[in-house]
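The report that follows goes through selected local features of one protein model, moving from a helix to charged pairs, loops and backbone geometry. It is meant to be read with the structure open alongside.

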Amino acid sequence: MENRLPARLITALAQLKALNELGITLLPVRHHSPACAFATQQALSQLQPADILIEAPASFNDLLLDLQHPDNKPPLAVLCQTQASTIVNDSEQESETSNEISSEDDKDSKKKKGHKRIYSAYFPFCDYSPEWVAMRFKSTNSLGKLPHVECIDLPWSQQVEHRERVNSEQTWETQSLQQERYLAHSQYIKALADKLHCRDHDEVWEHLFELDSTLELREWQTFFYKVLVWCAMSRLDYEKDVLESESALVREQYMVKCIVARYHFHRDEGSNSKINSIAKKPEIVVVTGGFHTLALIELLHEQLIEQPNKQAVKTVKNKVDAEINLPASAINTTPDESWLIRYSFDRLDALNGYASGMPSPAFYQVCWEQRLAFDNSAKLESESIFQVAKTYNSNSNNNVSNKINNEGNDQNLNAKESESQARQRLVIDFLSIFSQQLRQEKISLSNFITVKTASEQAIRLAELRGHQLIGRFDVMDACYSSFLKGSSDNGTQSFHRLLHEQLGGSQLGQVISTGSTPPLLAQVYDLIKSNRFKLDDTLSKTAKLDVLRNANHRQRSCFLHLLAFLDVGFARRLSGPDFLHGGQLHLLFEEWAYAWTPQIEARLIELSEEGSDIYQLAIQRLLKQREHFDEQAQKQSSAQLIGLLIQASMMGLTEQIDNLFEEVKDILPHDPDLGSVLACGQHLMYLWTGKRFLQLQDDQQLIDLIAQIPVTSLFLLSQLQTPNDDQVRGILAQILSLRNLLKQMNLVLRVTTKMVDTAAHLHPINNINSDAVQDFQNDSDLLSQYHITLNRLLPDWQDIDLLLGAVHALSFIDDISNESQLSDQLQLHFGVGANAEQAVAYLSGMMEAVPTLFLHHQAMTQMLDRLVSQWDKETFIALLPDLRLAFTALKPMQTNELAQQVATLHGVFSTEVTQFQGQISESDMLKGLALNQQLEQVLTERGLIGWSGS
């Protein structure tokens with residue numbers, strides 16, 4: 001086989017043998033491969049190395065004790081972060097701030113820090129990760145010591161610096177440190193997949209490696225030889241520039257430096273030892289991604305064999321250090337910070353986008369556990385047989401001894417068969433559970449016969465493909481063939497989703513709290529558990545909270561609102577009263593969807609830089625938003641403050657609620673923006689509606705603010721200037737909003753004492769009209785004061801028909817004017833000689849203010865009908881869009897009722913209107929065809945024909 005390999009690979013294999021003679025063993029692995037993990041375990045057990053060096057950032061060495069702690073259970077991950085700041089030269093700054101005078105300190109500095117950004121990366125582990133197996137290997141070596149375990153990859157911060165320097169245009173923030181897209185994109189593997197009739201590189205990998213028997217994997221040298229060839233052939237597809245841009249080369253140089261350092265440490269230690277002549281040569285085992293192994297072999301051979309003297313090694317080391325520490329012109333990073341966090345199978349699954357994952361981690365987890373169980377049982381049986389053989393040998397009973405030895409050989413011959421049977425039972429169990437889930441979710445009516453058929457197909461497919469064990473693709477193909485009826489892409493999304501979930505899993509790891517765990521993360525995790533949220537996996541769950549009647553549920557609601565306010569990502573409200581936006585206020589329950597994911601832990605670690613207490617962080621966020629309003633010159637915005645008050649109420653931050661109440665009380669009388677006051681008033685009504693829900697203790701405090709809204713808003717309304725055309729609709733919206741708000745407040749204020757008594761608590765308004773104040777104090781009917789203010793504005797609005805129509809309609813509906821007065825206004829705007837455009841604007845104002853007015857007063861409909869009948873065709877067509885817009889305020893049933901009224905006026909039955917069918921003549925069709933051709937020509941000339949979809 002070696003004769004058919006590329007010359008570079010043949011040379012590397014010879015170099016590897018030379019390195020093995022020096023005591024250096026390289027194990028090329030695929031990340032999260034059960035087969036590689038088992039072979040790694042076998043190699044370590046046989047070699048009993050003094051050093052185990054692992055491809056992981058060197059900054060992880062501080063976490064080794066946590067990673068090796070027996071109570072930490074995969075899946076888990078190390079979250080690594082570095083904070084980077086861009087570097088801006090003085091010349092760049094001067095071009096941006098040429099009109100400003102910089103300080104002396106700025107002139108003296110050559111560079112300044114710019115925008116800060118956090119770069120994050122995950123390094124996940126599962127039970128069958130080769131790195132995890134190596135990291136937790138505990139057997140004592142030949143020197144009587146536990147092996148020295150060390151992470152030897154380039155620190156994350158230096159990877160960020162290097163990659164940004166080499167490829168500054170690349171945009172990436174969060175990625176896996178174990179990316180294997182090299183393997184996925186290798187032309188060699190694509191060709192191999194075609195030859196083996198495999199769908200992708202995952203199926204090729206499983207076919208060649210994962211389905212080897214346990215007995216074959218015990219021969220780890222043969223297994224890793226195949227893995228090395230596979231990965232090296234993939235490596236040969238890539239140019240040096242690509243590897244450089246991905247930081248592969250500089251990482252490999254750093255790993256070699258660490259390996260060489262450990263080699264010289266042992267060599268120097270051996271030369272100083274008095275018993276060096278009898279000491280066994282220590283083994284160094286290096287566990288890295290197989291993609292890097294070829295380069296590591298070549299670099300190690302160059303430094304340890306071709307240039308064995310220390311001076312040459314030192315020269316190479318300096319060269320590596322210079323490359324790694326080369327100053328970046330675009331970015332500066334802080335040292336790595338790393339934390340051990342829980343991870344999950346769904347995040348580990350390659351099908352969910354994880355760059356380095358094996359697909360279907362839940363399936364491979366049970367396969368891994370089964371392999372370990374089989375290996376342990378096989379070892380126990382072998383030890384028992386050979387112990388008996390040893391006893392009989394000592395008694396010189398050769399016949400019995402030979403018989404027992406033959407039984408041991410038969411056991412090895414039958415081991416593959418028994419392991420295959422165990423895998424078949426595992427697959428049958430999986431298919432049974434999958435069938436049950438299909439029935440429960442009503443996706444398929446599968447039964448025992450279907451499971452039997454699928455099991456037989458999986459077994460036969462494995463035999464057909466030459467698999468010693470049933471693999472993932474065998475199971476998937478059997479599921480598609482047996483459980484699906486018809487095409488696999490015809491309405492089968494639910495089936496695909498469920499199969500993916502069953503193979504992928506949602507298991508969440510376990511990480512104990514240690515001194516290295518950020519206090520904020522530990523606090524939130526404990527609070528979530530104390531609030532009885534389930535954290536066993538990453539599946540989305542639902543919590544229904546009776547917040548009005550159950551104090552514990554109210555406390556849970558406050559906690560969820562607090563986490564949502566900080567964008568932690570733990571929970572999302574599905575339904576329930578929304579006092580910030582006024583939605584679903586009639587509901588008594590809240591419903592939340594929640595799930596604990598690794599991203600939540602990453603977010604909490606990121607927030608740990610701001611504080612260690614989740615409640616203090618929420619308060620800080622509130623105060624920052626308050627400061628942000630000030631910076632935007634919104635000091636007098638009562639709407640902004642009341643929004644913060646509602647958020648504080650929903651989070652249960654009592655102290656902040658009182659402070660914000662006082663601020664709103666001070667600012668509201670002086671708020672110069674009518675829109676802001678109206679928004680504040682609406683939010684106050686939301687608060688009044690939810691005062692029990694939000695557990696607001698002081699009703700009078702809230703009533704005082706509600707009573708201040710009419711005073712301030714009516715004053716601001718009275719001060720409105722004559723609007724221009726662009727402002728008219730905004731003024732109309734404010735008029736309508738204020739009326740609705742006053743009607744709501746009338747109900748609230750009637751349960752209190754007279755408005756004058758309430759107003760005694762209020763702040764005076766600067767420059768307010770004294771007559772208006774007297775009006776407010778003499779009449780508790782807010783709508784009367786509202787119309788008094790509007791009537792004072794009417795002289796300035798005589799030419800604004802939209803506003804006139806709205807005010808006249810509101811005056812009539814609120815009993816300020818009578819039907820005779822309204823008819824006079826209608827006659828003026830709809831009668832003989834009325835301007836058509838002004839009439840439609842007047843109609844629009846009426847319809848927006850009181851949409852049902854025409855339904856209950858047919859005389860108005862008659863007047864409008866007479867007006868429209870006087871228009872010529874051109875006028876009608878010109879005003880038709882505005883007419884249609886005016887009547888959109890009606891609901892469909894109301895539109896139908898009005899249409900019936902108009903039909904009756906013209907002596908037409910409603911059935912004749914609804915059943916009318918227009919006749920299209922041949923001439924009309926030809927005109928339409930010609931018009932369509934003209935339109936296509938225009939679109940073609942303007943380059944829009946593709947946009948039209950023609």
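In helix α7, the buried residues are Trp156, Ser157, Gln159, Val160, Glu161, His162, Arg163 and Glu164. The helix, which runs over residues 156-166, is mostly covered, with eight of its 11 residues buried. The model is a predicted one, and the values below should be read with that in mind.

**Salt bridges**

The structure holds 26 salt bridges, and three of these pairs are set out in the table before being taken up one by one.

| Pair | N to O distance | Relative accessibility, basic residue | Relative accessibility, acidic residue |
|---|---|---|---|
| Arg262 and Asp51 | 2.7 Å | Arg262, 14% | Asp51, 0% |
| Arg497 and Glu441 | 2.7 Å | Arg497, 34% | Glu441, 36% |
| Arg573 and Glu590 | 3.9 Å | Arg573, 25% | Glu590, 0% |

The side chains of Arg262 and Asp51 meet in a salt bridge with an N to O distance of 2.7 Å. Because Arg262 belongs to helix α14 (residues 248-272) and Asp51 to strand β2 (residues 51-57), this pair ties together parts that are 211 residues apart in sequence. Arg262 counts as buried because its relative accessibility is 14%, under the cut-off of 20%, and Asp51, at 0%, counts as buried as well.

For Arg497 and Glu441, the closest N and O atoms of the salt bridge are 2.7 Å apart. The pair links distant parts of the chain, 56 residues apart, with Arg497 in helix α22 (residues 493-504) and Glu441 in the loop between α19 (398-440) and α20 (448-464). At 34% relative accessibility Arg497 counts as partly exposed, and Glu441, with a relative accessible area of 36%, is also partly exposed.

Arg573 forms a salt bridge with Glu590, in which the closest N and O atoms lie 3.9 Å apart. Arg573 lies in strand β11 (residues 571-575) and Glu590 in strand β12 (residues 590-594), so this pair ties together parts that are 17 residues apart in sequence. Here the partners fall into two classes of exposure, since Arg573 is partly exposed with a relative accessible area of 25%, whereas Glu590 counts as buried at 0% relative accessibility. Besides such pairs, Arg199, Glu203, Arg465, Asp474 and Asp477 are joined into one network by salt bridges that share partners.

**A negative patch on the surface**

Which residues form the negative surface patch? The patch is made up of Glu655, Asp658, Glu662, Asp666 and Asp698. Of these, Asp698 is found in the loop between α29 (674-689) and α30 (699-718), and it counts as partly exposed because its relative accessibility is 41%.

**Two serines in loops**

Is Ser129 buried or exposed? This serine is placed in the loop between β4 (111-125) and α6 (130-135), and at 0% relative accessibility it counts as buried. A polar atom of the Ser129 side chain lies 2.9 Å from the backbone nitrogen of Cys126.

Ser213, in turn, has its place in the loop between α10 (201-210) and α11 (214-218). Ser213 counts as buried because its relative accessibility is 1%. In space, Ser213 and Gln468 are 6.6 Å apart, C-alpha to C-alpha, while in sequence they are 255 residues apart.

**Backbone geometry**

A cis peptide bond, with omega about 0°, joins Pro74 and Pro75. Pro75 is found in the loop between α3 (64-67) and β3 (76-89).

Where do the residues with a positive phi lie that are described here? Gln48, which is not a glycine, has a positive phi of about 45° and lies in the loop between α2 (34-47) and β2. Asp567, also not a glycine, has a positive phi of about 60° and lies in the loop between α24 (551-565) and β11. With a relative accessible area of 51%, Asp567 is exposed, the cut-off for that class being over 50%.

Note on methods: Residues are numbered from 1 along each chain as its sequence is written. This is a predicted model: local features need pLDDT of at least 70, side-chain atom pairs count only at pLDDT 80 or more; totals for chains, interfaces and linings use all residues. Side-chain values use heavy atoms; hydrogens and water are left out. Helices (H or I, at least four residues) and strands (E, at least two) are DSSP runs, numbered from the N terminus. Buried means under 20% relative accessible area, exposed over 50%, partly exposed in between (1.4 Å probe, protein chains only). Patches are made of residues with over 30% relative accessible area and no salt bridge: like charges are joined within 9 Å, nonpolar side chains (Val, Leu, Ile, Met, Phe, Trp, Tyr) within 5 Å. Accessible areas come from the Shrake-Rupley method with a 1.4 Å probe; for residues, only the protein chains shown count as cover. A salt bridge is a side-chain nitrogen of Lys or Arg within 4 Å of a carboxyl oxygen of Asp or Glu. Lys and Arg count as positive and Asp and Glu as negative; His and the chain ends are not counted. The place of a charge is taken as NZ of Lys, CZ of Arg, CG of Asp or CD of Glu. A polar contact is a pair of N or O atoms within 3.5 Å; within protein, one must be able to donate a hydrogen and the other to accept it, and residues adjacent in sequence count only if both atoms are side-chain atoms.
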